[in-house]
Each structure stands twice: as structure tokens, then as C-alpha cells.
Amino acid sequence: MPKITAPTVKEHREAVLNKLVDAAEAILRGDGSTQLTAGAVTAQAGIARNSIYRYVDSVDDLRGLVLKRYMPRWQAAVDAELEGVEDPRKRVLAWVRANLRQASINGHGWMMQVAQSQRPYRTIDVGDPQKETQDFLTERLAALVPEMPIKAELIRAVVEAGFRSLDAGATFEDVSHWAEVAVGALLDDHSDLAASA
């Protein structure tokens, strides 16, 4: 039986799995998904290469676990910023700002690359990560902008442009300001948003 470094076997397994996910994330953020190999992950985590398969069935499972680490936290942060905002226009603007804030904190481009590379692979208890990333910008936004699919699509495009700008080094303050200006103009152009509340 392998030597454990925690009070219980369960805690040891959780600690090693966390090390593996940390290592996978570091690689995915740095070199990208093409560099995610068993050797690279175990070297980064400081464990024997053959022991990785005691924790995951394949290296690709680690992509899903990295996504699982961020997506619920991201959505919870967005939901927290929307809490108590009742005015429909302000709620959409808060949604835009909250998603841009999370992208500025966590990064966005690397996560989308992981989601896209994950799509063909089996995932661990996380569903379809590509669908989960789309949920950020489609299903939840559609609920905020009901019966106006073209407007929701345009708002989503503004937010995605903001994500790209953040990834390119623009500041959250600048991106958020101009995204809110653009989305505000879209919302102000019609009175149906207030009527739909």
C-alpha cells in the first residue's frame, strides 16, 4: 500500500487529486492543452507518473476537473452580483459587469480553449463543459432578456468582445465601461425590456 501523507486514505486521495488538478491548470494556463500529458502533470505535481491513474482514468479527465473548479464559482459570483437588483435594465448591466469581472479575475481565453479541447472527451461529473460555458452567455442571458433573442445575441457578442480585450491586456475598468455603454445603448433603444419584467 502506498505511503499516505494525510490522516486518512480519503484525505490523502483528495490532496493528491487536488495536486493533479493544480498541475493540470498550471499547464493549461501556460503551455496550453497540447502540453497536457501524464508526464507533464505528474512532474508538476511531484508524484510518480504511473500513480496518476489511481486518481483519474485519463489525463483528459483533468480538463473536466479544471473546468469544474471554475465554472460553479464563476456562476455563483455572477449570481451574487445580481442578487437584489430588480430593475431589468440594471440587472442586465450587472450581469455584463459581473461576467467581465470574473474573466478579469480568472482569465477567459485559456478556459475556453480547455472547454473546446474537452468536448470530445469523457468528463467527470461535470456534464458537458462546452455547454456549461455556453450557459454563461446564452441560457442565463436569455432569461434576463426574454423574448428578444437578437438583442441577447448582440449583448453576448459585446461580452465576448470584452473577454477578448481582457485576454489581450485591457483593464477591467475600461472594458466594463465600454461594454456597459454598448449594452446600455442596446437596452435603451427599446421599452420592451421594462415591459417584460
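## The overall fold

Follow the protein chain along its sequence and you get the pattern α-α-α-α-α-α-α-α-α-α. In other words, the protein chain has ten helices and zero strands. Keep in mind that what you're looking at is a predicted model.

The protein chain has 197 residues, and 43% of them count as buried. About 10,400 Å² of the chain is exposed, with 52% of that supplied by carbon and sulfur atoms. What about contacts between residues at least 6 apart in sequence? In the protein chain, 67% of these join residues that are at least 24 apart.

## Helix α1

Let's start with α1, which covers residues 9–30. From its first C-alpha to its last, this 22-residue helix reaches 31 Å, close to the 32 Å expected at 1.5 Å a residue.

Which residues of α1 are buried? They are His12, Val16, Leu20, Val21, Ala23, Ala24, Glu25, Ile27 and Leu28.

## Where α1 meets α3

Two packed helices are described by the angle between their axes and the distance between the axes. For α1 and α3 (residues 60–82), the axes come within 9 Å and cross at roughly 90 degrees. That crossing makes α1 roughly perpendicular to α3, because angles of 65 to 115 degrees get that label.

Who touches whom here? On the α1 side you'll find Leu17, Asn18, Leu20, Val21, Asp22, Ala24, Glu25, Leu28 and Arg29, and they meet Leu62, Leu65, Val66, Arg69 and Tyr70 in α3. Sorted by class, this contact has nine nonpolar, one polar and four charged residues. Some of the names may look familiar: Leu20, Val21, Ala24, Glu25 and Leu28 are in this contact and are also among the buried residues of α1.

## Helix α3 and what follows

How does the length of α3 check out? Its 23 residues should span 33 Å at 1.5 Å a residue, and its end C-alpha atoms are 34 Å apart, so the two values agree. After α3 comes Gly84, which has a positive phi, near 85 degrees.

## A glycine in a loop

Now for another glycine, Gly107. Where does it sit? Gly107 is in the loop between α4 (88–106) and α5 (109–118). Is Gly107 buried or exposed? Gly107 is buried, because its relative accessible area of 17% falls under the 20% cut-off.

Leaving out residues up to four places away in sequence, Gly107 touches Trp74, Gln102 and Asp167. Gly107 and Arg164 are 57 residues apart in sequence, while in space they are 9.8 Å apart, C-alpha to C-alpha.

Conventions. Residues numbered from 1 in each chain as written. Predicted model: local features only at pLDDT ≥ 70, side-chain atom pairs only at ≥ 80, totals over all residues. Heavy atoms only, no water. Helix = DSSP H or I, 4+ residues; strand = E, 2+ residues; numbered from the N terminus. Expected span 1.5 Å × (residues − 1). Buried < 20%, exposed > 50% of the residue type's maximum accessible area, 1.4 Å probe, protein only. Contact = heavy atoms within 4.5 Å. Areas by Shrake-Rupley, 256 points an atom, 1.4 Å probe, with all protein chains shown as cover. Axes fitted to C-alpha atoms, helices over the stretch in contact; angles between N-to-C directions. Parallel < 35°, antiparallel > 145°, perpendicular 65-115°, else oblique. Nonpolar A, V, L, I, M, F, W, Y, C, P; charged D, E, K, R; others polar.
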